[in-house]
Amino acid sequence: MKKSVLALMTLALITLSAGAQTIANGYPYSQVPFTAVKVDPASFLGQRVKAAREVTVPLAFSKCQSEGRYDNFVKAAHPSSEYDVSTFMGFSFDDTDVYKTIEGASYVLQTYPDKRLEAYIDSVLDIVAAAQEPDGYLYTARTINPAKPHHWAGDKRWSKVEVLSHEFYNLGHMVDAACAHYQATGSRKFLDIARRYADCVIREVGPGPGQATVVPGHQIAEMALARLFLITGERKYLDQAKFFLDYRGKTTIRDVYSQSDKPVVDQTEAWGHAVRAGYMYAGMADVAALTGDTDYLRAIDAIWSNIVSRKYYLTGGVGARHSGEAFGADYELPNLTAYNETCAAIAQVYLNHRMFLLHGDAKYIDCLERTLYNGLLSGMSIDGGRFFYPNPLSSDGNYKFNADGTTTRQPWFGCACCPSNLSRFIPSLPGYFYAVKGHDLYINLYAGNTATISVDGKEVTLEQTTQYPWDGDIAIRIAKNKAKAFRMLIRIPGWVRGQVVPSDLYAYADGRQLGYYVTVNGSRVEGHLENGYLVVDRQWRKNDVVRIHFDMVPRTVKANDKVAADRGKVAVERGPLVYCVEWADNKGFNPHHIILGKQPQFDTKAGYAIANTEADGKTFGVTAITTKAQLLSTDADGKVAVRDTEVTLIPYYAWNHRGAGIMDVWMADAIEGLNDK
């Protein structure tokens, strides 16, 4: 019998009071939910939420209209033998575009209350509800015409769910969206729809007589069902999530692509489709937390270590291979052909957040932050209206890295999983800022916000102001404090402590040591570090002000020599941001031919203007970096020439706003480095 290392949650309801909030989630550490945190729209992350609210979510809703997503539900409400579903439905998972957009809009409502938006969501839910079959089944790809469904759907329910139908994938996004809508609005309208479909699945799918013993081909239902258990307290949803995980490697389909080649507890490396994998690992963490399954804990600890030590890009992206949108072998991290799907970056945020909630170590938030600021935000343009599917670390301006044969961000994709996923994820960002455990309050991410938090059951309100990630100064004011004494644990990022990632995959190459300090009401705090957090334990008073300073200077990074693609190369970071050299800032020479010196000297340019697109004339400001470098070229006689030049670097997330062209994250710092482009 397995020993439980975590308390089993027999009833875990999310508190939706107007006061202090935390999520009772079965984890040792509790997330402070998005409903408790109001992000400052002028802050860096607040600007991303604002762009999602003003552009991304409305765009996603408009695409649901123009691309026939709503029409699919209308047709399903009035099924007909006249319909040939494959002729008008692009993918069997098109329903999820509607669910994900509702989820994002629900998060938006917390920062920007909007009765008209609530009413619009309600009208969409009327369309969704009308398509639901009497027993709760809700999958328009079949319901529209069961005799001639989408060609991925199979001839009967669940017959192709392990391969192509995505019936459980649709369930997962529906449930996640319904839970978010319930948290944001208190309305049970969507929650009841989702529960009816979940109940249908529970009746028809499982190990019992007469049930279909199948598991998701595309994972996400696992963590969604765990969330539904937390919302409702009904154990059957958690049991179904665990069944979906326990039976992987035991059903007919056994494929490394979908992580079903072996039981999950026997998996120790990240393989296969990177999005499916990330969602599954996050679901394993949820089930481990809620059941205390130590085998699950061992497996996800091993898998996480494999990712960050051997399969993790400097940008925090994952998934080296276009073939299968998949993880590669150990240290297989090509730059020009890197896939790094935006959805896979989102999945890594989910995984790393859950790993923190399990272990309380800052290294997981360090990885979350790296992925968020680099490999994830790069997937959406600054204005929120154009998107990347893959996120390579090098470009020659010609390689067609998008599946549709393009080399620039696109206004939408036929397979719209990435833009619709961004529309749901970006507005959820306030839910990642803080966590609590007993009388410990964790400061995880830095962005302007106001948060009302329950610490040991007592209300604390914080006001955080900062220009992070552009500078390393943060102020946190105690605006209200009913808890009196508590420990504030302030994350000292790995980039401050001299650790690029929590492994030997990357290391700083410049020999610098950055400093930091924390003051309370002007007095320096000489606290101790605990798992990457500076602990400040005191009797707090209203209007106490904590000030945090991190030295923030450009630094050079080298990869482990086992990463063949990065040998002889160096990258540049500043704070949590990875930088790149791009053609638009370095006209007149080929950025591929740059060689940085062994100890380059850097200057920064705050407010450096970058055009949002070539056409719209808008600009946005970033902190750019300049440095002296050498440039290889050929003279009139065809001989190699070397000349000095000045190079400008911009944050990686901002590249490709001015059209396709040459870009590199990794630059040569030795002649041999030029041979691996």
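## Helices, strands and aromatic pairs in a predicted model

Gly292, which follows helix H10, has a positive phi, near 75 degrees. Helices (H or I, at least four residues) and strands (E, at least two) are DSSP runs, numbered from the N terminus. The model is predicted: local features need pLDDT of at least 70, side-chain atom pairs count only at pLDDT 80 or more, and totals for chains, interfaces and linings use all residues. Residues are numbered from 1 along each chain as its sequence is written, and side-chain values use heavy atoms, with hydrogens and water left out.

**Confidence.** pLDDT is the predictor's confidence in each residue, from 0 to 100. Its mean over the protein is 93, and 95% of the residues reach 70 or more. Residues 1-19 have a pLDDT below 50, and beyond near neighbours in sequence this stretch has 47 contacts in the model, a contact being heavy atoms within 4.5 Å. Residues 671-677 also stay under 50, with 22 contacts beyond four places in sequence. Where pLDDT is low, the predicted coordinates should not be read in detail.

**Two buried helices.** The expected span of a helix is 1.5 Å times one less than its number of residues. The table sets this value beside the distance between the end C-alpha atoms.

| Helix | Residues | Expected span | End-to-end C-alpha distance |
|---|---|---|---|
| H8 | 221-232 (12 residues) | 16 Å | 16 Å |
| H10 | 274-291 (18 residues) | 26 Å | 25 Å |

The distance agrees with the expected span for H8, and likewise for H10. Buried means under 20% relative accessible area, exposed over 50%, and partly exposed in between (1.4 Å probe, protein chains only). In H10, 18 of the 18 residues are buried, so this helix is largely enclosed by the rest of the structure. H8 is mostly covered, with 12 of its 12 residues buried; among them are Glu222, Arg227 and Thr232. The buried residues of H8 pack against H10 and against helix H3 (95-111), helix H6 (167-185), helix H7 (189-204), helix H9 (235-246) and helix H12 (342-359). Just after H8, Gly233 has a positive phi of about 80 degrees.

**Strand S5 and its partners.** Two strands pair if DSSP finds at least two bridges between them. Strand S4 (residues 434-437) pairs with S5 in the antiparallel sense over 4 bridges, and Lys437 has Asp440 in S5 as its bridge partner. The two strands form a hairpin with 2 residues between them, and Gly438 in the turn has a positive phi of about 60 degrees. S5 also runs parallel to strand S9 (residues 485-491), joined by 4 bridges; Ile490 in S9 is the bridge partner of Ile443.

In a regular strand the side chains alternate between the two faces of the sheet. Both faces of S5 are covered: Asp440 and Tyr442 are buried on one side, Leu441 and Ile443 on the other.

**Aromatic pairs.** A pair of aromatic rings is described by the distance of the centres and the angle of the planes. Rings of Phe, Tyr and Trp (its six-membered ring) pair if their centres lie within 6.5 Å; planes under 30 degrees apart count as stacked, over 60 as edge-to-face and the rest as tilted. By this rule there are 42 aromatic pairs. One of them is the edge-to-face pair of Tyr442 and Tyr533, at 5.0 Å centre to centre and 85 degrees between the planes. Tyr442 lies in strand S5 (residues 440-443) and Tyr533 in strand S14 (residues 533-539), so the pair ties together parts that are 91 residues apart in sequence. Both tyrosines, Tyr442 and Tyr533, are buried. One aromatic cluster is made up of Phe44, Tyr373, Tyr446, Tyr468, Trp470, Trp495, Phe550 and Tyr653.

**An open sheet.** An open sheet is formed by 7 strands in the order S2-S6-S7-S8-S15-S11-S12, with antiparallel pairing. Its edge strands, S2 (37-39) and S12 (523-524), each pair on one side only. Within the order, strand S7 (residues 458-466) and strand S8 (residues 473-481) pair over 7 bridges, and Gln464 stands opposite Ile476 in S8.

**Buried polar residues in strands.** A polar contact is a pair of N or O atoms within 3.5 Å; within protein, one must be able to donate a hydrogen and the other to accept it, and residues adjacent in sequence count only if both atoms are side-chain atoms. Asp664, in strand S23 (residues 662-664), is buried at 2% relative accessibility. Its side chain is joined to that of Ser394 by a polar contact of 2.7 Å. Gln31, in strand S1 (residues 30-31), is buried at 17% relative accessibility. A polar atom of the Gln31 side chain lies 2.8 Å from the backbone oxygen of Gly431.
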